Amino acid sequence: MNDLKLEPINKADHAEDALDLAQRAADYVTLEIGRAPDMDFVNDFFMATPPGLSTQDLHPFAVMQERAMLGMTCVAQGYEFPHDWWIGLVLLDPAFRGRGLGRNVLQLIKHRARKARMSMLKLSVLEANPRATHFWMREGFVPHRYAAATPTSDGHNRWVLRYAL
Ligand SMILES: CC(C)(COP(=O)(O)OP(=O)(O)OC[C@H]1O[C@@H](n2cnc3c(N)ncnc32)[C@H](O)[C@@H]1OP(=O)(O)O)[C@@H](O)C(=O)NCCC(=O)NCCS
């Protein structure tokens, strides 16, 4: 998949494209937020920041193969530590899952992270999403900490995973 690219995207120009992708990937979105994909989800994809960061630290990308958007991902630079890239989401169109695209996307993320002189990738995966947990562990991520749901959170238990670059 040599022609696979991560193209920077932004809310002003790409909200409709992101909503279209989220609607194709409604299985995952519904699992995470408990409702069908909508513009609030898209807004969070582009704007929601981990604690202590601003939207300037967010880097949203479309996963592009030629002119087709097959997925999207967003990384936040500087959470939990200055040289961490926090992968907020990798979301692929279900029609393109299970054939190595996720591994290729991760390679592209690693390449960009190393160029940005990052030393660690981190992410959180829903306990209710064992297939994704399997994917990340297969790719070498290891458990970092367990983040149990709290009375004020979205109800999901999560594993935070890490990968040393
Ligand atoms: C998780 C995800 C990014 C992996 O990308 P992918 O292209 O399907 O993964 P690959 O083809 O490189 O690897 C497939 C592996 O991922 C696992 N996997 C996870 N979710 C899967 C899915 N929905 N469909 C197919 N395989 C999936 C499979 O178990 C498979 O492992 P195996 O080959 O050892 O059996 C992608 O499936 C996806 O977008 N899933 C929905 C959103 C999601 O869960 N994102 C992660 C949030 S932390």
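Visitor: How many salt bridges does a search of the whole structure find?
Guide: Happy to start there, with the reminder that this is a predicted model. A pair counts when a side-chain nitrogen of Lys or Arg lies within 4 Å of a carboxyl oxygen of Asp or Glu. Searching the whole structure on that basis, the total comes to 11.

Visitor: Which residue forms a salt bridge with Asp20?
Guide: Asp20 belongs to helix 1, residues 11-24, and its partner lies in that helix too, 4 residues apart, about one turn of the helix. Asp20 is partly exposed, at a relative accessible area of 39%, and the partner is partly exposed at 32%. The closest N and O atoms are 3.2 Å apart, and the partner is Arg24.

Visitor: How many residues apart in sequence are the parts that Arg97 and Asp27 tie together?
Guide: The side chains of Arg97 and Asp27 meet in a salt bridge, with 2.7 Å from N to O. Arg97 sits in the loop between strand 4 and helix 4, while Asp27 sits in helix 2 (residues 26-33), so the parts that this pair ties together are separated in sequence by 70 residues.

Visitor: Is strand 5 largely enclosed by the rest of the structure or open, and why?
Guide: Strand 5 covers residues 120-126. Buried here means under 20% relative accessible area. Because 6 of its 7 residues are buried, strand 5 is, with respect to the rest of the structure, largely enclosed.

Visitor: Do strand 4 and strand 5 run parallel or antiparallel?
Guide: Strand 4 spans residues 84-92, and 4 bridges join it to strand 5. One of the bridge pairs is Trp86 with Lys122 in strand 5. Together with helix 4 (residues 101-115), the two strands make a right-handed β-α-β unit. Strand 4 and strand 5 run parallel.

Visitor: In strand 7, which residue is the bridge partner of Met120?
Guide: Strand 7, residues 158-164, is joined to strand 5 by 7 bridges, and these two strands run antiparallel. The partner of Met120 in strand 7 is Ala164.

Visitor: How far away is the nearest side chain of opposite charge from Lys110?
Guide: Lys110 is placed in helix 4, and it is buried yet has no salt bridge. Leaving aside neighbours within four places in sequence, its contacts are Leu121, Glu139, Tyr163 and Leu165. A salt bridge would need a nitrogen and a carboxyl oxygen within 4 Å. The nearest side chain of opposite charge is that of Glu139, at a distance of 5.0 Å.

Visitor: Which residue does form a salt bridge with Glu139?
Guide: Glu139 is buried, having a relative accessible area of 8%. Its salt-bridge partner is partly exposed, with a relative accessible area of 46%. The closest N and O atoms are 2.7 Å apart, and the partner is Arg138.

Visitor: Which residues do salt bridges that share partners join into one network?
Guide: Lys122, the strand 5 bridge partner of Trp86, is one of the members. The full network consists of Glu80, Asp84, Lys122 and Arg145.

Visitor: Is Asn129 buried or exposed?
Guide: Asn129 is placed in the loop between strand 5 and helix 5 (130-138). Leaving aside neighbours within four places in sequence, it is in contact with Tyr28 and Leu31. Its relative accessibility is 14%, so Asn129 counts as buried.

Terms used
Residues numbered from 1 in each chain as written. Predicted model: local features only at pLDDT ≥ 70, side-chain atom pairs only at ≥ 80, totals over all residues. Heavy atoms only, no water. Buried < 20%, exposed > 50% of the residue type's maximum accessible area, 1.4 Å probe, protein only. Pairing = 2+ DSSP bridges. Right-handed = clockwise from strand over helix to strand, strands pointing away. Lys, Arg positive; Asp, Glu negative; His and termini not counted. Contact = heavy atoms within 4.5 Å.
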